[in-house]
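User: Please take a close look at one part of this model and describe it in a connected account. I would like each term explained with its cut-offs.

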Amino acid sequence: MTILTVLVIKTSAQNTQNPDSLFSMARTAAYDHKDYSSAITLSKQALQIAPNYTDIAVFLGRIYTWNKQTDSARYYFDLALQQKPGYEDALSAYADLEFWNKNDSAALALANEGLAKNPTSQQLLVRKATVLESMRQYEEAALLADSVLTLDKGNQDARALLTRLYGFLSKNRVGIKYDYTYFDEQFPDPWHMLAVDYTRQTNMGSITARVNYANRFANDAVQYELETYPRISRTFYAYVAAAYSSDTIGIFPKWRLGASLFANLPHAFEAEAGIRYLYFAGDANGTDFYTLYLGKYYHKFLFGARVYLTPNPTATSQSYNAIARYYFGGADDYLNFLVGYGISPDDRNSAPLININTGQLKSYRGELIFRKLIKRMNILTLNLSLQNQEFTRGTEVIKGNQIQAGIGYIRRF
């Protein structure tokens with residue numbers, strides 16, 4: 001028996017006639033110390049004193065759910081619903097239990113039972129939409145998620161769900177994007193880049209084919225790209241990409257490869273771990289980049305941080321990005337602000353500078369992106385960035401600015 005358990009039981013003996021105190025100690029044991037055994041003991045003591053204390057019965061159901069003791073969890077959820085039919089918290093937690101145990105039909109029935117008495121319950125609406133997503137009823141799930149955002153634009157669970165659902169609803173998507181980059185010091189001519197892509201949503205995830213055209217260093221080149229986001233489970237999905245160009249002067253990498261594993265984590269967190277590889281013509285071996293990302297949805301915001309690391313024999317090259325995204329509408333209505341240090345291999349506009357600006361040269365960047373959904377099937381994007389970049393001219397290190405502006409359009413169908 002742990003020291004915490006002994007102390008909790010001794011303290012509970014002094015509060016044997018106070019179910020509120022026992023319940024408070026049970027929550028502390030469960031949430032602060034992950035001591036579910038003590039939490040169960042204290043909760044049952046409280047229920048002996050106050051058998052109709054419904055919130056304790058719901059709490060016990062949750063604890064047994066986390067312990068994967070499904071029969072005990074169902075017993076206490078049923079007890080709570082006998083005391084309070086249609087109780088929102090009980091039905092929400094009960095639906096979670098069935099959903100996590102892949103009983104989608106039972107979870108849907110429980111969510112519907114709760115919504116019959118609580119039609120505007122956000123937690124029940126989100127749970128029902130999540131179950132419908134699992135059952136591949138994407139249209140109805142999207143309507144429910146959208147109704148939650150109508151009630152509360154800051155509901156991050158509904159927003160993340162709707163983002164996934166839009167991908168499933170739009171089986172096809174075409175996009176076009178143009179970017180213009182001006183240099184005040186490093187290059188005499190501006191850079192131009194045009195990208196056209198087609199995306200197909202499948203049961204396994206999305207697949208995108210893209211053709212990139214660029215005019216850089218007063219020369220033209222084309223790059224062909226294929227990327228996919230396969231679904232692995234309810235929690236995990238992946239990113240796999242490959243791009244090729246016959247260019248020989250560094251307008252594009254000759255090869256660009258990428259792979260990542262993403263996780264949708266509890267409490268509206270998301271994470272990614274992956275690798276990128278760039279090989280330019282004339283390069284001996286190419287360059288590997290390892291990336292890590294962590295993001296958190298909070299009300300109407302998404303906050304995230306990403307790092308790229310490139311180990312080499314002398315020193316590890318590093319690149320950092322931080323974002324703050326504000327959602328002013330649905331999942332495709334947002335303002336995104338990025339600040340960064342170093343050059344990202346995922347930035348198609350600046351990636352060629354990795355091949356040019358070798359060594360520990362400093363680069364600072366700020367970018368603003370505007371994205372707006374128009375009549376559900378059309379998406380407009382605008383972006384503007386400023387980058388202050390060190391580069392070498394002979395033996396001298398010089399600082400210069402580059403200003404990049406872009407516009408894009410996506411059509412779903």
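Analyst: Phe 59 has a relative accessibility of 4% and therefore counts as buried, a class that requires under 20% relative accessible area, whereas exposed means over 50% and partly exposed covers the range in between (1.4 Å probe, protein chains only). The model is a predicted one, in which local features need pLDDT of at least 70 and side-chain atom pairs count only at pLDDT 80 or more, while totals for chains, interfaces and linings use all residues. Residues are numbered from 1 along each chain as its sequence is written, and side-chain values use heavy atoms, with hydrogens and water left out.

Tyr 31, by contrast, is partly exposed, at a relative accessible area of 40%.

Rings of Phe, Tyr and Trp (for Trp, the six-membered ring) are paired if their centres lie within 6.5 Å; planes under 30 degrees apart are called stacked, those over 60 edge-to-face, and the rest tilted. This rule yields a count of 23 aromatic pairs. One of them joins Tyr 31 and Phe 59: the ring centres are 5.9 Å apart and the planes stand at 80°, so the pair is edge-to-face. Because Tyr 31 belongs to helix H2 (residues 19-32) and Phe 59 to helix H4 (residues 54-66), the pair ties together parts that are 28 residues apart in sequence. Helices here are DSSP runs (H or I, at least four residues), numbered from the N terminus.

The setting of this pair is an aromatic cluster, in which Tyr 31 and Phe 59 are joined by Phe 23, Tyr 36, Tyr 53 and Trp 66.

How values were computed:
Helices (H or I, at least four residues) and strands (E, at least two) are DSSP runs, numbered from the N terminus.
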